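Work through the exercises below with the sequence and the model open. Each task is followed by a solution in steps.

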Amino acid sequence: MTKNIPFLLFLFILLNTLGFSVHLTKSNPHPQFPCQPPHHKYPFCNKKLSISTRVKSLISLLTIDEKILHLSDNTTSIPRLGLPSYEWWSESLHGIGTNGPGINFNGPIKGATSFPQVILTAATFNRTLWHSIASAIAIEARAMYNIGQSGLTFWAPNINIFRDPRWGRGQETPGEDPMVVSSYAVEYVKGFQELNSKAKDVNRHGIGETRRILKEDDDSDGDRLMLSACCKHFTAYDLEKWGDVTRYNFNAVVTKQDMEDTFQAPFRSCIQQGKASCLMCSYNSVNGVPACADKDLLDKVRTGWGFDGYITSDCDAVATIYENQNYTTSREDAVAVALKAGTNINCGTYMLLHMKSAFQQGKVVEEDLDRALQYLFAVQFRLGLFDGDPAKGQFANFGPQDVCTSNNLNLALDAARQGIVLLKNDKKFLPLNKRSVSTLAIVGPMANVSCPGGTYSGVPCKLNSIREGFHGHVNRTLHADGCLDVGCNSTAGFQDAISIAKEADYVLVVAGLDLSQETEDHDRYSLLLPGYQTNLVTTLAAVSKKPIMLVLTGGGPVDVSFAEKDPRIASILWVAYPGETGGKALSEIIFGYQNPGGKLPMTWYFESFTKVPMTNMNMRADPANGYPGRTHRFYTGELLYGFGHGLSYTSFASQLLSAPKRLSLSLAKSNRKRSILAQEHSSLGYIHVDEVPSCRLSKFFVHISVTNDGDMDGSHVLLLFSSVPQNIQGAPLKTLVGFDRVHVPARKSIQTSLSVDPCELLSFANDQGNRILALGEHTLVLDDIEHVVSIEM
């Protein structure tokens, strides 16, 4: 997201000249709120009325100018109605972030828990953990709101598919798989928004020591929200800048097939299952129409998926409709087409500056404005913003004591422990024996960076680097940057690194990426380590007494095939952006206090993949034109590490206990028509999912036993894949249909089960975007187990 600063400055001066009070967000121990005396007697303040009635009452009292003022993220106050200013834009991707103007750390709360970047949290494949993190972030957010340091509307999570390994914002997503991304979206939104997900007793200091948080006599309205989460960026957004193409002018050409079973799936889940209260439309166009101006696209969200929240543009995405994409011939047309398409609020000032003129020219009518405000105000009412003094509300007890708690820091630590992926471990080099390590050399500029959190980070509770995480495990650590920065455009620092590598018992090199290499508005062109980093790693491997350990930072895949093949590099670990507890988590894994169990949530390609145009949105391979496809579902080329790759210090064995061998489905037609359709579908080899109403009743379970054959406790990620019975055009090579993370003590076994919905998970989209289910034998694969389920009519 970006802000147009000249527009904001102009607007600030203009509105104050007109007599409107503009309140920039700042810390206020007693936040302003609507419905204070003498304005509390308006009907919209009457809590006995329904939310829809209250919303209509408020809208009816606004003038045209006042309605337009509410179409920006920074809403100005309306003193005559007692409406204070409000900033819609706050960020909470992996902790309270500083990106949005709705957040500040200038008050009593000076920092908030910095959880690992989303891509690393996704590598845990742990739904319960995802929900817990979102809930913890929500409590900290509500605590900050109570003392005037944040709003209640947050623009997270990012649930775009990590389609291309070069994407600078792939780190913000849960990875490349639609099922994983969908599951993360649901857990995040539910954990963040729902009232009943916040335990009435919050344990801050350990077992048995708790404090009451939520008041008992509160409204139990199931439609109410503690906070508002926003699923972004809708849709097919995964490019920042590649050559002359930027996210502001990119037209994503997407097939109906890929739209249905790849790009739209997470958003559909986020809305239908997660019940998200906000959706953000993206900068890019989709098949020639800017996303924020695409009425068909946004109408489907409301009428097809039942969305009842508000739709915001990405910041200045309404402006790009005219300024960058040249989709309209005037600024007035741009704001009008966005509003009529279903964009309710503009992050930025474009609607504020041009909507009045569009109204005067008849391009929009008052009903268009009212429709947008209905969605906006409804969410604010659901948040309780119009229910009086928040100090007397359900969440009034949240405060500074609920931020940076020991529980939240331990949760962040656990997320990093579970997410770190062991990519290589020759001859069981790790874990190290603490007693055999007196001196450890730690090399790399990222090793000494405080709180490597990635994009959309905030102010952490504590400033901890990866290097500092080792202080409790090693008597003596030596450090050299090796490179002046992550770009590593010089070998000037090599000699210092070589000196300590020769001296130390063991050498750990922290290489990879940082935000100078991958971030918002910046994609990569290469998958190799930046600059001379590869030379640094191989140079140290040549002089070290023992094989070295390579730790990789960054959210995107890196081609480290040189290290994978080099016996002098014994172990490789991926830590992404592990947050403020990442150094401790890594050291615990290195020395065997924790057993690594993370799995890659995306495919790691070789450098040769960069020949594929980043602008090609096709997921499916096209062998005739040399196009290899994308992600584990469709990629046909060679790869460095596959989706789901990750090693452990122990070994696990899975055994299938039970699963159905046959599923019988019936079509929703008369007997005669059913017979005819059955013959037709048998010849085609598939059926349309929407023709089988009983399909939802065919959900089944795969029961599994998992045994830890080693001497160390560990967690095992179960990934259940399916492949279709025959070569139906457009079918994925394999599809993830279930996953779970289970903890198994050493030399013990546990039993678990995975649920499979055949209509949703065994189906895929045909070239018309309709979901079809292949008939015949589907092969389920989990670890080294294969099981065939036959689907028939």
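**Exercise 1.** Against which strands and which helix do the buried residues of H15 pack?

*Solution.* The model is predicted, and the steps rest on its coordinates. Start with the residues concerned: in helix H15 (residues 494–503), the buried ones are Phe-494, Ala-497, Ile-498, Ile-500 and Ala-501. Next, look for what they touch. Their partners are strand E14 (439–443), strand E15 (476–480), strand E16 (506–512) and helix H16 (533–543).

**Exercise 2.** Find the order of the strands in the open sheet that contains E9, and say which strands are at the edges.

*Solution.* Step one is the pairing of E9 on each side. Strand E5 (residues 230–234) runs parallel to E9, with 3 bridges between them. Strand E12 (residues 310–313) also pairs with E9 in the parallel sense, over 4 bridges.

Step two is to put these together: the sheet is open, has 3 strands and follows the order E5-E9-E12. E5 and E12 are the edge strands, as each pairs on one side only. From one strand to the next the twist averages 25°.

Step three is to check the register by residue. Cys-278 of E9 is the bridge partner of Cys-230, and in E12 the bridge partner of Cys-278 is Tyr-310. Met-280 has Thr-312 as its bridge partner in E12.

**Exercise 3.** Which residues of strand E9 (residues 278–281) point one way, and which the other?

*Solution.* In a regular strand, side chains alternate between the two faces of the sheet. Applied to E9, Cys-278 and Met-280 form one set, while Leu-279 and Cys-281 point the other way. All of these residues are buried.

**Exercise 4.** Describe the packing of H6 on H8, then that of H5 on H14.

*Solution.* Two packed helices are described by the angle between their axes and the distance between the axes.

For helix H6 (residues 178–193) and helix H8 (residues 265–272), the axes come within 8 Å and cross at roughly 25°. Angles under 35 degrees count as roughly parallel, and H6 and H8 are therefore roughly parallel to each other. The crossing is right-handed. On the H6 side the contact uses Pro-178, Val-181, Ser-182, Ala-185, Val-186 and Val-189, and on the H8 side Ala-265, Pro-266, Ser-269 and Cys-270. Sorted by class, the residues of this contact are 8 nonpolar and 2 polar, with no charged residue.

For helix H5 (residues 127–146) and helix H14 (residues 406–419), the angle is about 150° and the axes are 11 Å apart. The crossing of H5 and H14 is left-handed. H5 contributes Leu-129, Ser-132, Ile-133, Ala-136 and Glu-140, and H14 contributes Asn-408, Leu-411, Asp-414, Ala-415 and Gln-418. The class count for H5 with H14 is 5 nonpolar, 3 polar and 2 charged residues.

**Exercise 5.** How many residues of strand E13 (residues 421–425) are buried, and how many of helix H7 (residues 256–263)?

*Solution.* For E13, the count is 5 of the 5 residues, so the strand is largely enclosed by the rest of the structure. E13 is joined to strand E18 (residues 569–576) by 4 bridges, and the two run antiparallel. Within this pair, Leu-422 stands opposite Leu-573 in E18.

For H7, the count is 7 of the 8 residues, so the helix is likewise largely enclosed by the rest of the structure. The buried residues of H7 are Gln-257, Asp-258, Met-259, Glu-260, Asp-261, Thr-262 and Phe-263.

Notes
Residues are numbered from 1 along each chain as its sequence is written. This is a predicted model: local features need pLDDT of at least 70, side-chain atom pairs count only at pLDDT 80 or more; totals for chains, interfaces and linings use all residues. Side-chain values use heavy atoms; hydrogens and water are left out. Buried means under 20% relative accessible area, exposed over 50%, partly exposed in between (1.4 Å probe, protein chains only). Two strands pair if DSSP finds at least two bridges between them. Axes are lines fitted to C-alpha atoms, for helices over the stretch in contact, and angles run from 0 to 180 degrees between N-to-C directions. Angles under 35 degrees count as roughly parallel, over 145 as roughly antiparallel, 65 to 115 as roughly perpendicular and the rest as oblique. A crossing is left-handed if the near helix is turned anticlockwise from the far one by less than a right angle, and right-handed if clockwise. Contact means heavy atoms within 4.5 Å. Ala, Val, Leu, Ile, Met, Phe, Trp, Tyr, Cys and Pro count as nonpolar, Asp, Glu, Lys and Arg as charged, and the others, Gly among them, as polar.
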